[in-house]
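Trainee: I've just opened this one up and could use a guided tour. Mind if I throw some questions at you?

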Amino acid sequence: MKNDFIRGISLYPGLHDCTAEENEKRLMTAAAHGCTALFTSLQLPEADYEAGRNDLQRLLSMARQQGMDVIADYSPEGARGLGFTGKLEEDIALAKKLGVTVLRLDGGLSAMELKSLLSAADSIRFCLNASTVTDCTLLSGLKGTDSFADSKIIAVHNYYPRLNTGLDISFFCEQNRRWQERGIPVGAFIPAAKHRGPVFAGLPTLEEHRDMPAAESIRMLAAMGVDAVFFGDPAVTEEELGAFESFGGDEPVFHLTVEPDAGVPRDFFDEAFAVRPDRARDAVRAADSRPRLKKLGLVVKPQQAKPRPAGTLTIDNELAGRYQGELQITLRDLPSDPTVNVVGHLSPEEFSLLKTVQRIIDQLKIDVT
């Protein structure tokens with residue numbers, strides 16, 4: 001996870017299923033858990049913005065008092081319920097008055113119009129739709145500063161309330177690459193366990209995350225190099241917010257526990273292992289396990305051969321000759337082999353995450369405890 005990784009929540013004043021007091025309590029809880037960004041929408045068709053305008057302004061003011069960025073989804077037509085006119089310069093001034101620090105423009109601007117906005121606006125930043133902006137002409141003229149917290153322009157993906165409409169991982173990663181190679185940081189959404197209406201199917205960016213626990217979703221996005229993660233659903237629990245605090249570092253690390261009778265000295269596992277970049281079909285292979293074994297002057301004695309179901313941690317023993325010390329995690333069920341000792345196993349959740357990110361991330365590590 002990046003050192004300046006942004007943690008965010010989403011709250012939607014104007015919806016009838018959540019009171020102003022509940023929103024304010026959730027905001028303060030999120031701030032206490034290190035969240036530094038609030039996402040909201042100024043254009044939800046089901047929201048009563050006229051009745052909730054004062055609640056919105058108070059909530060955004062509280063967010064600013066907590067030092068949180070406020071990112072607001074806006075379109076000229078959709079935001080008229082709050083008094084927006086559709087004239088962008090006037091609407092920017094109103095957004096700033098409400099407490100918005102980043103205005104998310106949901107499409108419709110040409111490259112020239114966007115450049116004009118970026119040069120004219122002095123105290124508001126802009127966010128583009130990372131999911132739908134694919135115009136090479138528009139993208140080619142943009143440049144950020146790599147920092148989600150202060151870049152003049154950032155990109156945040158959509159969330160997708162309807163089942164089966166969330167983004168494909170390959171498309172998601174390609175879009176992120178296009179933004180980030182221009183220095184424009186990228187954010188994405190994950191669902192909470194309790195889903196927001198009116199669809200009640202969660203608010204993820206990736207379809208794969210719709211029913212995935214928050215901790216796994218956050219970890220996957222961090223492994224993909226995403227700069228910010230927001231809970232799309234507002235009813236986030238303290239346990240889910242705590243998932244933000246569970247990870248650190250810049251590289252995805254997979255944790256395994258060695259079986260007590262593995263037959264490998266403990267100091268062999270003192271440091272994490274890098275993973276080879278040339279991906280095998282049947283296993284994730286450690287890049288530096290054989291040289292480490294040789295450097296330590298260790299020998300791996302053969303043990304009773306066992307089957308190696310997917311997610312098994314293994315090490316080649318002295319019967320494997322020059323492959324002695326080869327450390328692997330199996331990606332499919334493999335039969336027993338007298339030259340291979342079974343060392344441990346990944347949990348089903350950890351194995352699922354490994355299979356997903358191993359397809360798209362070049363640098364992984366294995367940490368054995």
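Trainee: Let's start with the helices: at what angle do H1 and H2 pack, and does that count as roughly parallel or roughly antiparallel?

Mentor: Keep in mind that this is a predicted model. Helix H1 covers residues 20-32, and its axis sits 10 Å from that of H2, with an angle of about 10° between the two. Angles under 35 degrees count as roughly parallel, so H1 relative to H2 is roughly parallel.

Trainee: Which residues of H2 make that contact, and what classes do the contact residues fall into?

Mentor: On the H1 side you'll find Ala20, Asn23, Glu24, Leu27 and Met28, and they meet Asp55, Arg58, Leu59, Met62 and Ala63 of H2. Sorted by class, the contact of H1 with H2 comes out as six nonpolar, one polar and three charged residues.

Trainee: And is the crossing of H1 and H2 left-handed or right-handed?

Mentor: Look at how one helix is turned against the other. For H1 and H2, the crossing is right-handed.

Trainee: Now the strands. In what order do the eight strands close into a barrel?

Mentor: The pairing around the barrel is parallel. From one strand to the next, the twist averages 30°. Going round, the order is E1-E2-E3-E4-E5-E6-E7-E8.

Trainee: Where does H2 pack on the sheet, and at about what angle to E2?

Mentor: Helix H2, residues 49-65, touches E2 and E3. Those two strands, residues 37-41 and 69-74, run parallel and are joined by five bridges, one partnership being Ser41 of E2 with Asp73 of E3. The direction of H2 makes an angle with that of E2 of about 165°.

Trainee: Which strands does H7 lie across?

Mentor: Helix H7 takes in residues 214-223 and runs at about 160° to one of its two strands, E7. The strands H7 lies across are E7 (186-190) and E8 (228-231).

Trainee: Let's zoom in on E5: which residue in E5 is the bridge partner of Arg104, and which residue in E6 is the partner of Leu128?

Mentor: Strand E4 (residues 102-105) runs parallel to E5 and is joined to it by four bridges. On the other pairing, E5 and E6 (residues 153-156) also run parallel, with four bridges. Arg104 pairs with Cys127, and Leu128 pairs with Ala155.

Trainee: Last one: how many of the five residues of E5 are buried?

Mentor: Check both faces of the strand. Arg125, Cys127 and Asn129 are buried on one side, and Phe126 and Leu128 are buried on the other. For E5, residues 125-129, the count is five of five.

Terms used. Residues numbered from 1 in each chain as written. Predicted model: local features only at pLDDT ≥ 70, side-chain atom pairs only at ≥ 80, totals over all residues. Heavy atoms only, no water. Buried < 20%, exposed > 50% of the residue type's maximum accessible area, 1.4 Å probe, protein only. Pairing = 2+ DSSP bridges. Axes fitted to C-alpha atoms, helices over the stretch in contact; angles between N-to-C directions. Contact = heavy atoms within 4.5 Å. Parallel < 35°, antiparallel > 145°, perpendicular 65-115°, else oblique. Left-handed = near helix turned anticlockwise from the far one by under 90°. Nonpolar A, V, L, I, M, F, W, Y, C, P; charged D, E, K, R; others polar.
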